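Please open the structure in a viewer and keep the sequence panel visible. The tour below proceeds by selection, one stop after another.

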Amino acid sequence: MADKRDYYEVLGVSKGASDDEIKKAYRKMAKEYHPDLHPGDKEAEAKFKEVGEAYEVLSDAQKKSRYDQFGHAGVDPNFGAGGGGWGGGVNVDFGDIGDIFSSFFGGGFGGGGRRSNPNAPRQGSDAGVNIFISFEEAAKGCKKKVSVQRITHCDECGGSGAKKGTSPTTCPDCGGSGQVARQQRTPFGVMQTQSPCPRCQGRGRVIESPCSACGGQGRVRKAEEMGINIPAGIDDGQVITIPGKGNAGQNGGPFGDLNVQVSVRPHALFERDGFNIWYELPITYAQAALGAEVEIPTLDGKMAFDIKEGTQPGDILRVRGKGIPYLNGRGTGDLLLKIVVEVPKNLSREQKKLLKDFEESTGDKQYQKRKSFFDKLKKGFN
């Protein structure tokens, strides 16, 4: 076997290389020389075979130890070592080759690879529900009852999927692994691949007498009414997550979560801006000019509020602490009043005369914005 190259040389690693370094080198070389990338290229095919042979030995601790001590004679059956060469009945680890070509070609290779235990506990998926509340309920918080469609354990069979009085048994075809091995002769030798067991569909167990209530699934979908605590300050579109109230897990796994999406109905008067609320407050010309005490609505009911003398249209007046409570925190936003001065219509003759007399009695000095506007206009034209 003098024509055989050293396995470390084949993979381009040193004799003291770690398992991770050997695996990385193998992946790189196997990807470079794979026959699918070099159809009809005998040299690439030979190198691919050589790379696989080297990795098959160096990735196995016992074979690697024998190779380090005795060289090729320690692992090649032609030298009586009983190791099993690449050209014989080799079980190739397709977990690594599958990883390479699933990322490179977008699919699996060899039909197999490492798979998780089919009987391992798996957490259930999340369930979801949408709930509608009023503007006031969002601001103050409330309790609501909702009907949730969720997957839960079957009461009839206790989640086993088997008819009452019976229980699932280990699949005789796969021995409970959920996988069956298949050998295939290729130009590189006899390769063994794994695929989901067709008898148990990869579950590792079979149910001879399925439960009639759940059809052997062990889980059923049903509506369940539950109470939901809506925290004060929640906003439209926000989601409340309730742990463990989602769909049932499998093989004893925990329940998923319930995600409650909150939709807040718009208010006829209030608008929300973060944790503040606001609305337009219409007042009369006299109230704006002279000041007045007016009654304003808040989330807590009506209250008296002072309009200061000389209030202008568009002014924003603030009422502190009358907004939305901070969600899961301390403090409250404010109520903002945007002033709208309403000009009266359909004045009587006497009202018009009084207004004209008032207009004549005032000068531009009492209309600061008007005076400033015409001063700028005069300067602009001059």
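In which sense do strand 10 and strand 11 pair, and over how many bridges? Strand 10 and strand 11 are antiparallel, and three bridges join them. Please bear in mind from the outset that this is a predicted model.

**First stop: the sheet of four strands**

Select residues 271-273, which form strand 10, and then residues 276-284, which form strand 11. Between these two strands, E271 has W278 of strand 11 as its bridge partner. Now add residues 335-342, which are strand 15. Strand 11 and strand 15 run parallel and are joined by eight bridges. To locate this pairing, display I277, whose bridge partner in strand 15 is L335.

Next, add residues 316-319, which make up strand 14. Strand 14 runs antiparallel to strand 15, with four bridges between them. Here L317 stands opposite L337 of strand 15.

With these selections displayed together, an open sheet of four strands is visible in the order 10-11-15-14, and its pairing is mixed. Strand 10 and strand 14 are the edge strands, each pairing on one side only. If direction is ignored, neighbouring strands of this sheet are turned against each other by 35° on average.

**Second stop: the loop after strand 15**

Proceed to N346, in the loop that lies between strand 15 and helix 8 (349-361). Is N346 buried or exposed? Its relative accessibility is 78%, and N346 therefore counts as exposed, the cut-off being over 50%. The backbone also deserves inspection: N346 has a positive phi of about 55°, although it is not a glycine.

**Third stop: the sheet of three strands**

Select residues 127-133 for strand 1 and residues 239-242 for strand 8, then add residues 258-264 for strand 9. These strands form an open sheet in the order 1-9-8, with mixed pairing. Strand 1 and strand 8 stand at the edges and have a single partner strand each, so one side of each is left without a neighbour in the sheet. From one strand to the next, the twist averages 25°.

Strand 8 pairs with strand 9 in the antiparallel sense, over four bridges. To find one position in this pairing, display T241, whose bridge partner in strand 9 is N259.

**Fourth stop: a pair of helices**

Select residues 42-58, which are helix 3, and residues 61-70, which are helix 4. Their axes come within 6 Å and cross at roughly 100°. An angle of 65 to 115 degrees counts as roughly perpendicular, and helix 3 and helix 4 are therefore described in that way. Show the side chains of E56, V57 and L58 in helix 3 together with K63, K64 and Y67 in helix 4, for these residues make the contact. By class, the contact comprises three nonpolar and three charged residues, and no polar ones.

**Final stop: the whole chain**

Return to a view of the complete chain and colour it by pLDDT. The mean pLDDT is 82, and 86% of the residues reach 70 or more. Over residues 79-114, however, the pLDDT is below 50, although this stretch has 78 contacts in the model beyond near neighbours in sequence. Where pLDDT is low, the predicted coordinates should not be read in detail.

The chain has nine helices and 15 strands. Of its 382 residues, 33% count as buried. Among contacts in the chain with a separation of 6 or more, 62% are between residues 24 or more positions apart.

Notes. Residues numbered from 1 in each chain as written. Predicted model: local features only at pLDDT ≥ 70, side-chain atom pairs only at ≥ 80, totals over all residues. Heavy atoms only, no water. Axes fitted to C-alpha atoms, helices over the stretch in contact; angles between N-to-C directions. Parallel < 35°, antiparallel > 145°, perpendicular 65-115°, else oblique. Contact = heavy atoms within 4.5 Å. Nonpolar A, V, L, I, M, F, W, Y, C, P; charged D, E, K, R; others polar. pLDDT = per-residue confidence, 0-100. Pairing = 2+ DSSP bridges. Buried < 20%, exposed > 50% of the residue type's maximum accessible area, 1.4 Å probe, protein only.
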